[in-house]
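Please take the tour below with the structure open in your viewer, making each selection as it is named.

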Amino acid sequence: MIHIQQIRKSYRMGALSLEVLKGIDLTINEGELVSIMGPSGSGKSTLLNILGILDQYQEGEYHLAGTLMKNLSERKAAYYRNHYLGFVFQSFHLLEFKNALENVALPLYYQKVSRRRRNRQAMELLERVGLADRAQHMPNELSGGQKQRVAIARALISDPKVILADEPTGALDSQTSDQVMDLFREVNASGKTVVIVTHEAEIAAKTARTIHLRDGVVQNETHQVGAAS
Amino acid sequence: MIWNTDHWLEIWQTVRKNKLRTVLTMFSIAWGIFMLILLLAAGRGLENGIRYQFRDDAANSIWITPRITGRPFRGLRAGRPVNMTMDDYTQVAAVPGVEHITARYNLRGNFTVRYGDQFSQFPIRSVHPGHRYLEKTEMRRGRFINDRDIDQRRKVAVIGNRVVSGLFKDQDPIGEWIDINGIQYKIVGVFTDVGGPGEQRMIYIPISTGQAAYGGGRTIHRLMFTVGNADLAESQRIEKDVRTLLAERHRYDPQDPRAIRLFNHVENYQRFVALFNGIATFIWVVGIGTIIAGIVGVSNIMLIAVKERTKEIGLRKAIGAPPSDIIGLFLMESLTLTFLAGYIGLMAGIGTIELVQHLLNTIPNPPDFFRNPHVDIHAAAGATLVLVLAGVLAGLIPARRAAAIDPIVALRDE
Ligand SMILES: Nc1ncnc2c1ncn2[C@@H]1O[C@H](COP(=O)(O)OP(=O)(O)O)[C@@H](O)[C@H]1O
Ligand SMILES: [Mg+2]
């Protein structure tokens, strides 16, 4: 599903350039539940952004579902993000002026799906994440865990191949973190490839496979026996 | 895009979030359009006022009155009267570019005109058939004087509608005979004239009849002709040809300013047209300047909005909004704001003008130089076009700024 080869990425800061990813090789198969772990500043988010076609890389190749993702036009990038990927962020990024249902439905809007169908699908997903009764609530009326569940529902609504989450539990307490992780495992069990960036070992422990990043290179990989698929 | 409820919903949601800001911006646009409309109407009022002063006589005409030479010429002394005759009429009529032409033989003062036992005083003009085009004479019944009347010196009269009301009351005057100074004239036509009550009291008779009845011989007192659609240069060319012709015929210095008095209405009219155009241009410049200030205001406010909505835009891009969609969102918002505001300004402007018109109609002595101010369909269409352009312009920079937002930067967790 995800296949990257010798990806290099550096940030130019005035005269000097800072190399953040120093040649990363990684393959993630369809249906895997993978975590990317590493200390702060190791390049986890940068890698995830490249996987999410939000960022460019200078060297190497990235194939998503068999298609090379390089030098895409804005329009093409938007298309792949919309159809292939679902994002979950640490700070949720729900639109404050839309209720839970509207937030979940938003990605389908960019697929030109009718309002009625959008709302019906959004409602189904809210039921699935256990928030059907909060559909009409505004984000500021929801708890952190509820917000993240809404965000996960939003990531799922376009039926993407891959869910990418950057520190999805970073703003949550441990109990809600567990609930959210359970949800991710359930999503994964339904057949979606899930990639979670985290710096917490407890979170990584709940995934089947962990890629350890350090200073822009993959240090090693661990597999958790007994974790999901 | 326009019929998409979601877009309208989003615009409504952002507008509601920033009520005061929205209202202030809209006010600046509304004010700009309001001023533009008022200025345009005021310009139109002035123009109508000036046109009203010109209402009586054809604006494309040249009038010539013979006078007395002011310079000696080829051995002839100064101070000779220029005596124009029917031959001048014939010759000037042949000058290329001369359209409708008439001579006048003046019958001075008012004449007692009698019909049955009714009588009253009216002025009389003896003229050629072409005269009706020079005074904008509008026939109501019957006909104007024709060539046969001239040839046969018929005793026929064409009378103004005030003559009718003065002598005939409700009776049909056509075919009736009136008595002017003991001579019977048959009425062949009734006219009206926008020139006012004075013109509507006029009685026209054939010039040949006038000359015969009052001992004029072949003398004429004035030549008047129109020049069709001639522009200023063309009218001046015709004027020069006629001047040369008359100077040769009557043997005076063509440069002599006193030999004839010539009045070229085209020249005057063109000068006023140029003045109106100047005023109109000035008004558009001022009005558009005001609107530009409004555009800059809207643009600025939307730039702030884009900045405030950075995270939102970043998220929209991350979940797959194409750049065109982001641009469309902001363009629509700006278009909606400017259009709504502009419409309010337009309506307020038109309302104010209606009020002014109403006042002008009710006051006893409305000013002559300012008449019937109004906004015509072209001006309104122009203002609307300016509005749409303004909306697009105002939204363009903010929309592009929004589309250029980098989602990574926008969504980065602090
Ligand atoms: N836009 C940027 N410009 C310059 N340096 C950046 C930028 N984004 C990230 N970095 C740097 O790249 C490194 C890796 O960042 P990041 O991928 O966010 O790490 P992590 O998510 O693992 O904490 C850090 O040193 C960070 O300062
Ligand atoms: Mg990070």
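How many salt bridges does the rule find across the interface of chain A and chain B? The rule, which asks for a side-chain nitrogen of Lys or Arg within 4 Å of a carboxyl oxygen of Asp or Glu, finds one across this interface. Before selecting the pair, note that this is a predicted model, in which local features need pLDDT of at least 70 and side-chain atom pairs count only at pLDDT 80 or more, while totals for chains, interfaces and linings use all residues. Residues are numbered from 1 along each chain as its sequence is written, chains are lettered from A and ligands numbered from 1 in the order in which they are written, and side-chain values use heavy atoms, with hydrogens and water left out.

**The interface**

Select A:E74 and B:K317, whose side chains meet in a salt bridge at 3.8 Å, N to O. Helices α2 (74-84), α3 (100-109) and α4 (115-128) of chain A each supply at least two residues of the side that touches chain B, where helices are DSSP runs of H or I with at least four residues, strands are runs of E with at least two, and both are numbered from the N terminus. The largest share of that side, five residues, comes from α2(A). Sorted by class, the side of chain A that touches chain B has 10 nonpolar, five polar and 10 charged residues; here Ala, Val, Leu, Ile, Met, Phe, Trp, Tyr, Cys and Pro count as nonpolar, Asp, Glu, Lys and Arg as charged, and the others, Gly among them, as polar.

Widen the selection to every residue in contact across the interface (heavy atoms within 4.5 Å), and 25 residues of chain A face 25 residues of chain B. The area buried between the two chains, that is, the accessible area (1.4 Å probe) lost by the two parts on being put together and summed over both, is about 2400 Å², with carbon and sulfur atoms giving 58% of it. Highlight A:F97, A:Y109 and A:Y110 next, since in chain A these residues lose the most area to chain B, together 30% of what that side buries.

**Salt bridges within chain A**

Over all chains, a search of the whole structure finds 24 salt bridges. One to select is A:K192 with A:D159, at 2.6 Å from N to O. This pair links distant parts of the chain, 33 residues apart: A:K192 sits in the loop between α6 (174-189) and β8 (193-198), and A:D159 in the loop between α5 (144-156) and β7 (162-166). A:K192 counts as buried (under 20% relative accessible area, 1.4 Å probe, protein chains only) at 13%, whereas A:D159 counts as exposed (over 50%) at 53%.

Move on to A:R209 and A:E221, whose closest N and O atoms are 2.9 Å apart. A:R209 lies in strand β9 (residues 209-214) and A:E221 in strand β10 (residues 217-223), so the pair ties together parts that are 12 residues apart in sequence. A:R209 is buried at 8% relative accessibility, while A:E221, at 35%, is partly exposed, the class in between the two cut-offs.

**Chain B**

Now show chain B alone, with its 14 helices and 10 strands; of its 414 residues, 49% count as buried. In helix α11 (residues 310-318), select B:R316 and B:E312, which are four residues apart and thus separated by about one helical turn. Their side chains meet in a salt bridge at 2.8 Å, N to O, and B:R316 is buried at 1% relative accessible area, as is B:E312 at 7%. End the tour at B:R104, B:R125, B:E135 and B:E199, which are joined into one network by salt bridges that share partners.
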